[in-house]
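User: I'd like to learn how to read strands, helices and a buried charge in a model like this. Could you walk me through it?

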Amino acid sequence: MAIYKDIVKKIPISAEKKTKQKQYLSSGVLPIIDQGQKIIGGYTDDISKKIDCDLPVIVFGDHTRCVKLIKFAFAPGADGIKVVRPIDNSVLIEYLFYATKYLATKIRDKGYARHYQDIEKQELEIPTVLKQKEIVLKLEKDFSSLDNAIEMLNKTKEQLAVYRQAVLEEEFKEEEKWEQCSLGSLMSMVRNGYGSKPDDCGTYRILTIGSVRAFNLDLNNYRLNNTPFNDDDLIAENDLLFTRYNGNADFVGCCARVPQICEQYAYPDKLIKFRPKLNNIYHSKYLEYFVSHGNARKYLRSKIKTTSGQNGIAGSDIKKLVVFLPTLEKQTEIVLRIEERISRCNTVEVTVNKALQEAEAMRQSILKEAFEGRLV
């Protein structure tokens with residue numbers, strides 16, 4: 001067995017090499033590799049940003065735990081990546097890539113915190129180069145078919161998202177005929193959540209940053225705390241929760257309504273609670289759909305700022321979002337029509353999400369078998 005830090009060489013990244021996300025180009029001569037989910041985060045035309053190193057290398061997302069094998073010249077994103085390669089020829093770069101992925105599944109997800117310090121302390125078996133090649137070939141074969149299936153599932157999700165937006169655009173096409181107001185003016189409370197880290201003990205539930213997605217609040221995605229939360233840190237039916245921070249800009253500003261709940265849940269400071277003055281299910285659902293449609297979503301995206309690879313939006317900017325508000329009777333009609341049209345869409349997405357979860361579980365199982373000596 002070897003300690004991870006003893007078998008890798010870290011490639012230093014000077015400050016002048018880093019490119020902030022707001023400076024990314026949609027195309028250019030040099031791809032930018034950051035800690036996001038996509039292989040390439042953006043581009044730059046500044047050749048001086050290129051990292052000088054032998055290729056290929058492994059890029060580890062310090063906050064996101066994403067692992068990438070990069071075989072082409074690139075520039076680093078602003079922050080949050082570690083670039084490593086094997087210290088000598090006793091370890092294949094491909095083997096180290098899959099091993100790093102495996103180790104990333106073993107460490108605890110600490111949210112937006114540093115994870116490499118946990119990776120580099122992990123033990124890893126280093127078999128002969130011949131055995132490493134066997135393991136890599138088997139993993140590539142297994143992952144090839146799995147990746148094809150995941151690609152098809154993700155394409156289905158993209159098509160469902162397009163359909164949902166088409167439904168919303170149809171319902172809000174006459175929005176400018178209605179009363180105009182700011183979102184904040186409709187609220188009795190706008191508040192960031194609980195600011196301390198939960199201790200993962202006790203019975204008091206607090207949602208995670210991943211609990212909120214557009215139109216959906218996952219109440220099963222929570223952590224535990226040993227001490228109770230203040231009333232202001234709790235959510236209630238018909239509250240609207242917005243994602244304040246996320247490594248993926250597509251999730252920032254996403255909104256989900258709190259359904260009827262039987263348990264108490266707090267929410268973290270990376271979410272923002274908007275509590276409507278009018279406590280009515282159709283009013284809250286109307287607002288949930290409105291803030292997720294084209295013009296409103298475009299406004300929210302324009303207010304996203306990026307710091308150290310983390311995308312965020314201020315509650316004050318969300319409060320300024322212009323809302324077009326018809327009568328409550330009209331809001332109810334709109335909500336019922338939307339839900340009738342997207343109910344089947346939601347059913348399909350549940351099936352797709354379950355399949356994606358199973359695929360990810362299978363990926364982790366394959367990695368575990370490979371690096372715990374049970375790969376056939």
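Analyst: Sure. Two strands count as paired if DSSP finds at least two bridges between them. Keep in mind that this is a predicted model. Here, Ile58 stands opposite Val84 in strand 8, and 4 bridges join strand 5 to strand 8, with the two running antiparallel.

User: Which sense of pairing do strand 5 and strand 6 have, and over how many bridges?

Analyst: The general idea comes first: strands of a sheet pair through backbone hydrogen bonds, either parallel or antiparallel. In this case strand 5 (residues 57-61) pairs with strand 6 in the antiparallel sense, over 4 bridges. On that side, Val57 stands opposite Ile70. The two strands form a hairpin with 5 residues between them, and Arg65 in the turn has a positive phi of about 70°.

User: What is the strand order in the open sheet?

Analyst: The order is 2-8-5-6, an open sheet of 4 strands with antiparallel pairing. Strand 2 (8-10) and strand 6 (67-70) are at the edges, and each has a single partner strand, so one side of each lacks a neighbour in the sheet. From one strand to the next, the twist averages 30°. Helix 2 (residues 93-106) lies across strands 2, 5, 6 and 8, and runs at about 170° to strand 6.

User: Which residues of strand 5 sit on each side, and are they buried or exposed?

Analyst: In a regular strand the side chains alternate between the two faces of the sheet. For strand 5, Val57, Val59 and Gly61 are on one side, Ile58 and Phe60 are on the other, and all are buried. With 5 of its 5 residues buried, strand 5 is therefore largely enclosed by the rest of the structure.

User: Now the charge. How far from Arg257 is the nearest side chain of opposite charge?

Analyst: A salt bridge needs a side-chain nitrogen of Lys or Arg within 4 Å of a carboxyl oxygen of Asp or Glu. Arg257, in strand 18 (residues 255-257), is buried but has no salt bridge: the nearest candidate, Glu237, is 4.5 Å away. Its side chain does make a polar contact with the side chain of Asn238, at 2.9 Å. Arg257 also touches other residues, including Ile281, Ser284, Lys285 and Glu288.

User: Why call helix 5 largely enclosed?

Analyst: Because 8 of the 10 residues of helix 5 (residues 281-290) are buried. Among them are Ser284, Lys285 and Glu288. At the start of helix 5, a side-chain oxygen of Asn280 comes within 2.8 Å of the backbone nitrogen of Tyr282.

Terms used. Residues are numbered from 1 along each chain as its sequence is written. This is a predicted model: local features need pLDDT of at least 70, side-chain atom pairs count only at pLDDT 80 or more; totals for chains, interfaces and linings use all residues. Side-chain values use heavy atoms; hydrogens and water are left out. Axes are lines fitted to C-alpha atoms, for helices over the stretch in contact, and angles run from 0 to 180 degrees between N-to-C directions. Contact means heavy atoms within 4.5 Å. Buried means under 20% relative accessible area, exposed over 50%, partly exposed in between (1.4 Å probe, protein chains only). Lys and Arg count as positive and Asp and Glu as negative; His and the chain ends are not counted. A polar contact is a pair of N or O atoms within 3.5 Å; within protein, one must be able to donate a hydrogen and the other to accept it, and residues adjacent in sequence count only if both atoms are side-chain atoms. Lists of a residue's contacts leave out its neighbours within four places in sequence.
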